[in-house]
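Dear colleague,

Please find the structure below, handed over for your consideration. My notes on it follow directly after.

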There are 2 protein chains.
Amino acid sequence: MSRIVMKFGGTSVADLDRIRSVANRVKREVDAGHEVAVVVSAMAGTTNQLVAWCQALSPLHDAREYDAVVATGEQVTSGLMAIALQEIGVDARSWQGWQIPLRTDGAHGRARIEGVDGDLLIARMQQGQVPVVAGFQGVGPDNRTTTLGRGGSDTSAVALAAAVKADRCDIYTDVDGVYTTDPRIVPRARKLARIAYEEMLELASVGAKVLQTRSVELAMKERVRVQVLSSFADASGDALPGSLVVDEDEIVEKEIVAGIAYSRDEAKVTVRHVPDRPGIAAGIFGPLSEAGINVDMIVQNVSAEGSTDMTFTLSRTDLPRAQAVLADLKPSLGYSEILADQNVAKISVVGVGMRSHAGVAATMFRTLSEKSINIQVISTSEIKVSVLIGADYTELAVRALHSAYGLDAN
Amino acid sequence: MSRIVMKFGGTSVADLDRIRSVANRVKREVDAGHEVAVVVSAMAGTTNQLVAWCQALSPLHDAREYDAVVATGEQVTSGLMAIALQEIGVDARSWQGWQIPLRTDGAHGRARIEGVDGDLLIARMQQGQVPVVAGFQGVGPDNRTTTLGRGGSDTSAVALAAAVKADRCDIYTDVDGVYTTDPRIVPRARKLARIAYEEMLELASVGAKVLQTRSVELAMKERVRVQVLSSFADASGDALPGSLVVDEDEIVEKEIVAGIAYSRDEAKVTVRHVPDRPGIAAGIFGPLSEAGINVDMIVQNVSAEGSTDMTFTLSRTDLPRAQAVLADLKPSLGYSEILADQNVAKISVVGVGMRSHAGVAATMFRTLSEKSINIQVISTSEIKVSVLIGADYTELAVRALHSAYGLDAN
């Protein structure tokens, strides 16, 4: 007997037929003797409609009222799912954020979970009842409904799993697991049976969006075992095994490299001929940070004739604002010009195994060199090596690295 | 400066344009210096959609989950209305049943209000904020959302008005007031400036459905002054005066008769040749009551040869069930036959003034006689005289009585 939290996203509960299908999936786990809690998103399309109404009434609408409106989507699904479960003989009860309570801070529209009271839900589960929790929502310090931001239902599910001390949190989604890389680029990409929290975070942050980053951070902090699996792939009704996101200690056969990620959402900025004196990095990156711009990779060239070039990458959407900030700084910084390049991609090799294995970066550089791909910027962390290359080489680089690290399926 | 509760039904908030229009109406009252609270229904059509989903998943769905689903309609409107008010510079905040709290019993789907905590709302109103309360919903003893049954938002508004000690509860609806009779039958029907609670109750119970009966009962009990007025009739933006439902002491110039009501939803049943012995009435009406059938008018003929005829009226929809109950009773009651007639209508003359004026019934009988309309059954109460007549004579009777009591507009 296990205690399991099952989370279903908007496409999995998009209409009554799919809600019935999810109810049957839940019933299988209950019939197998497990204690089950369910977390649901809004029916696909509902949230967009509600957001559009708020926007139409007031572009700068009050986030508290936005939350009151938008949280209804999950409330509807939770009630309908409870009815669908009862109809097939499963005792079930819906729960809103304020009823549990699932407490958050007061940052409406993007609230952070502060605590989940699991006692009531545990008692119900032990009596054989399935709590159906409205995802994405909680209750703030002023007794008002809050929402967690887009994709927040993943975080709801992980927080709930921690609160009820679940053995596993199953996230049903429209992919059937986490792959060594994007299967659209590398058809021989393999589904990973297990992946470490840190690997999942690095893969998510560079573009492999299977789980919301915050949900993975929370799972890592609370040691919640998260399984990613498909809500659609079961012709027989049985769930196919997905990917388990766990502590790296749970991964016995560690691969050196778990996966190859890429991101085309990058831009490169070079500040030419900055005077090479102490404090110049702070002079550039302080103002950018104050403007809310996240800078990723940073490279400073060797000095020549008392000046240097400073190159960094950032999200492409932030580029216009970054250029504006740097233009304002020209008198104080005294650089010669700003170069911007949006035709770049970031390729990352990720794996907790590289902590204890040398040569991962060297293999990467050699592989790219063999394909005549020029590396523009390099950055490394304990479990990741990233390079910036020309965007046109993205697929070539990903395929070559996937083979070089022995990740191709047989 | 007055304190006013304004209630808007589903057609008044059916889309964003109408929500904006209602917001402007509210702003006028705020700008006039009044303290205002708003009660809203779900956008027209929303509740039907939500109910249909529950029905489709399970015809015998759990009423608690039905409530969780259906209450979202009002929640959405309350948030959108708060946003629309803020957009035009009115400080506003949405409130759900559990936040106020508006406490009800646990009869999900048709809950009764047990208490409304007005303190928080009064404090906000005194600070100039407009509470926008989701109608139709409350919170039950088990901390779950309840709904009050169809039309419950009227009752929400009256209960709220009592809780915040409002000077008036304005119910905006698709009629512009309460009339002396149905204007579709009598074009010269007059809008009543004032009508007593008891008159309103009698008119509502015989078919003039302007307000939900429970809301009038609550208004009478709590002495809430209720104004019925149109949400659409203001080309200029000004609200036209409607009808005020008040204590009869507030009606200085009492008419003897306030209005003429009719109902075609009646059926007449005659039990022929019942043995005329003590307990026979209990023997008929006890079992009908146990079957949940409400009997309205009752007449017992004089006895002849040891037997009598018992005639009564009931709602037409209950007729088949009543016939079945009576068929089962034939052996024990020993009657000869059951006669049923659905081709009947009930005409009622209503007015608190008749308490102190004789001759109201006599005028009714004479007027009908002059039109050769046969009276089948008569019943009277302190403020009402009702007769059952052939359905074909409905319009003729209503028009003749309307004139006879001097109700025609000039």
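The notes below cover the pairing of the chains, the core, a pair of helices and one buried residue.

This is a predicted model, in which local features need pLDDT of at least 70, side-chain atom pairs count only at pLDDT 80 or more, and totals for chains, interfaces and linings use all residues. Residues are numbered from 1 along each chain as its sequence is written, while chains are lettered from A and ligands numbered from 1 in the order in which they are written.

I begin with the two chains. A turn of 180° with a shift of 0.1 Å along the axis lays chain A on chain B with an RMSD of 0.1 Å (least-squares superposition on the C-alpha atoms of residues with pLDDT of at least 70 in both). The two copies are therefore related as by a two-fold rotation axis. In chain A, Thr72(A) has the C-alpha nearest that axis, 2.9 Å from it.

Chain A gives 27 residues to the contact and chain B gives 27 residues (residues are in contact if their C-beta atoms, placed from the backbone, lie within 7 Å). On the side of chain A that touches chain B, helices H2 (46–57), H3 (63–70) and H4 (72–87) of chain A each give two or more residues (helices are DSSP runs of H or I, at least four residues, numbered from the N terminus). H4(A) supplies the largest share of that side, eleven residues. Because 100% of the interface residues of chain A are also interface residues in chain B, the copies meet through the same surface.

The largest nonpolar core has 246 residues, and Met81(A) and Met81(B) have the most contacts inside it. Such a core is a set of buried Ala, Val, Leu, Ile, Met, Phe, Trp, Tyr and Cys residues joined through C-beta atoms within 7 Å; buried means that 20 or more other C-beta atoms lie within 10 Å of the residue's own. Not counting residues up to four places away in sequence, Met81(B) touches seven residues, among them Val13(B), Ile19(B) and Val132(B).Within chain A, helix H6 (residues 152–163) and helix H8 (residues 213–222) pack at an angle of about 15°, with their axes 8 Å apart. H6(A) is thus roughly parallel to H8(A) (angles under 35 degrees count as such). The residues of H6(A) that meet H8(A) include Val158(A) and Ala162(A). Just after H8(A), Arg223(A) takes a positive phi of about 55°.

Finally, Val398(A) lies in helix H12 (residues 394–404) of chain A. Val398(A) counts as buried because it has 20 C-beta neighbours inside 10 Å.

With kind regards

Terms used: Buried ≥ 20, exposed ≤ 12 C-beta atoms within 10 Å, placed from the backbone. Contact = placed C-beta atoms within 7 Å. Axes fitted to C-alpha atoms, helices over the stretch in contact; angles between N-to-C directions. Parallel < 35°, antiparallel > 145°, perpendicular 65-115°, else oblique.
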